[in-house]
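Please read the sequence alongside the coordinates before following the explanation below, which moves from the contact between the chains to the aromatic rings.

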Protein chains: 2
Amino acid sequence: MLRNWARLWWGLPYFVTPRNGALLQRFSHKLQEHSTASMLISEKSIDWGVPNPSWSQEMMLQFNRYMEMTKDGSWQKLPSYQSLSDHLREGSRKEELQNRKSRLFLRSIDEEGKGFEYAMFLRPSEKRVVAVFQIGPYLEGPSGFAHGGAIATILDSTVGASVISVSRRVVTANLSINYKSPVELGSVVLVDTRVDKIEDRKIFASGEVRSVDGQTLHAEATSLFIELLPRSLSQKETDSSSSP
Amino acid sequence: MLRNWARLWWGLPYFVTPRNGALLQRFSHKLQEHSTASMLISEKSIDWGVPNPSWSQEMMLQFNRYMEMTKDGSWQKLPSYQSLSDHLREGSRKEELQNRKSRLFLRSIDEEGKGFEYAMFLRPSEKRVVAVFQIGPYLEGPSGFAHGGAIATILDSTVGASVISVSRRVVTANLSINYKSPVELGSVVLVDTRVDKIEDRKIFASGEVRSVDGQTLHAEATSLFIELLPRSLSQKETDSSSSP
């Protein structure tokens, strides 16, 4: 599992990103349990996938619900950084990325609560990732509702995180989304995603965006990812380290 | 055509958004030609779809190329605002939207050049919209490349703009994207989109993201939009005003 975690620390820069140093302390004991993973990041890296004052009561409720489920180890909270450089130890590669001053798309908006507020949780035994998202007012498309591209972004990111749980280096080859019901700005939604099938280097995955009570299906997606490394190599790693 | 323009001013808030007051002056004569459209927005609204110092030489080259093609009226530059309230005249509805302090997703990042820099051009006779996009460093997914969600966002927005040229109130029902080749951060791409077919309230549209030399296909999308108003009503408007 530690190796899976390590892979997630490296892999997630592809999809997620960071926030609040003070609040992080509340959860840092959980991260410290994973010493291998901790070695892979700078001490200065800040996980932004933790509560901040912009989080609504509903957002806190959902976050706490999933944090509770991490206690028996069946679920794991995935950290979320602002840039790829946060995922690296000190060194020339880290400096190179820092100089580029790029940011991961989901963490591109500075002001707390204006863009994507979220936390992701992995259930390795099911190759499943659930994300709790609060949709900020800077993500508008139709009046009062989230942009179709913002919904595509949260789906691609969360589905991608579930795929990374089985293979480290992947790219999205296809993403198909059915939009069922618009997502109101300010609302909290659950994005439930999983790996469905693996065929050589093709990884088929899918996901849904639902209201927190599960009653409203906002959007559903199917996705195809392609593994950049030969399957044989990363399969070996998965086989030897996937059980929690 | 004026009515089409008017519809675009109202419709585009769904997909696009603003920037530089000083530079706007250089192109404002074009906007003034469309007096009906001008009436529909506040004098304070700023079109952000115009050059700013972050635009690369390539971005300027492509922008000027399409601006040149607007001279004979076959192409029109579409304005791009930061929020829906920019699209309204003074009044209670405008105030209501201003108080909400929301922003259109494509204009959610404050710093020039960090997010989406773009301008859109409509060719009404072909129900086609071409957008020139410069991909900023805050849109990162895989190291050095745009996030799949950012590509989905520029496709949904530009395809949506072409759909709005035939029907005012639409929502995305499906968006399917094939990712062919990653888009490097900092690069300029052309997003070429069009309405393919209309069946009652269903509008089928598609688009491509290509390198400026046309040689590299980065992504292609098909999309289904649903018209919120009865087709009969908006078809009448189109029939009476679609010729340039």
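How much area do chain B and chain A bury between them, and what share of it lies on carbon and sulfur atoms? In this predicted model, the two chains bury about 3,200 Å² between them, with 52% of that area on carbon and sulfur atoms. Three residues, B:Phe105, B:Tyr138 and B:His147, together supply 20% of the area that chain B buries against chain A, which is more than any other three residues contribute. Counted by residue, 42 residues of chain B are in contact with 42 residues of chain A, while the number of salt bridges between the two chains is zero.

The arrangement of the copies can be described by a single operation, since chain B is superposed on chain A by a rotation of 180° with 0.0 Å of shift along the axis, at an RMSD of 0.0 Å. The two copies are therefore related as by a two-fold rotation axis, and in chain B the C-alpha nearest that axis belongs to B:Ser176, at 2.0 Å from it. Because 100% of the interface residues of chain B are also interface residues in chain A, the copies meet through the same surface.

Turning to the fold of a single copy, chain A comprises seven helices and seven strands, which follow one another along the sequence in the pattern α-α-α-α-β-α-β-β-α-β-β-β-β-α. Chain A has 244 residues, of which 59% count as buried.

The aromatic residues offer a further view of the structure, which holds 15 aromatic pairs over all chains. One of these pairs is formed by A:Tyr118 and A:Phe133, whose rings are stacked, with 4.8 Å from centre to centre and 15° between the planes. This pair links distant parts of the chain, given that A:Tyr118 lies in strand β2 (residues 116-123) of chain A and A:Phe133 in strand β3 (residues 128-135) of chain A, 15 residues apart. Both A:Tyr118 and A:Phe133 are buried. Ring pairs also join these two residues to others in a cluster that draws on both chains, its members being A:Phe105, A:Phe116, A:Tyr118, A:Phe133, B:Phe105, B:Phe116, B:Tyr118 and B:Phe133. B:Phe105 thus appears both in this cluster and among the three residues named above for the area that chain B buries against chain A.

Rings also meet charges in each chain. The charged end of A:Lys197 sits over the ring of A:Phe204, 4.7 Å from its centre, and in chain B the charged end of B:Lys197 sits over the ring of B:Phe204, 4.8 Å from the centre of that ring.

Notes
Residues are numbered from 1 along each chain as its sequence is written. Chains are lettered from A and ligands numbered from 1 in the order in which they are written. This is a predicted model: local features need pLDDT of at least 70, side-chain atom pairs count only at pLDDT 80 or more; totals for chains, interfaces and linings use all residues. Side-chain values use heavy atoms; hydrogens and water are left out. Rings of Phe, Tyr and Trp (its six-membered ring) pair if their centres lie within 6.5 Å; planes under 30 degrees apart count as stacked, over 60 as edge-to-face and the rest as tilted. Helices (H or I, at least four residues) and strands (E, at least two) are DSSP runs, numbered from the N terminus. Buried means under 20% relative accessible area, exposed over 50%, partly exposed in between (1.4 Å probe, protein chains only). A charge sits over a ring if NZ of Lys or CZ of Arg is within 6 Å of the ring centre and within 35 degrees of the ring normal. Copies are superposed by least squares on the C-alpha atoms of residues with pLDDT of at least 70 in both. Contact means heavy atoms within 4.5 Å. Buried area is the accessible area (1.4 Å probe) that two parts lose on being put together, summed over both. A salt bridge is a side-chain nitrogen of Lys or Arg within 4 Å of a carboxyl oxygen of Asp or Glu.
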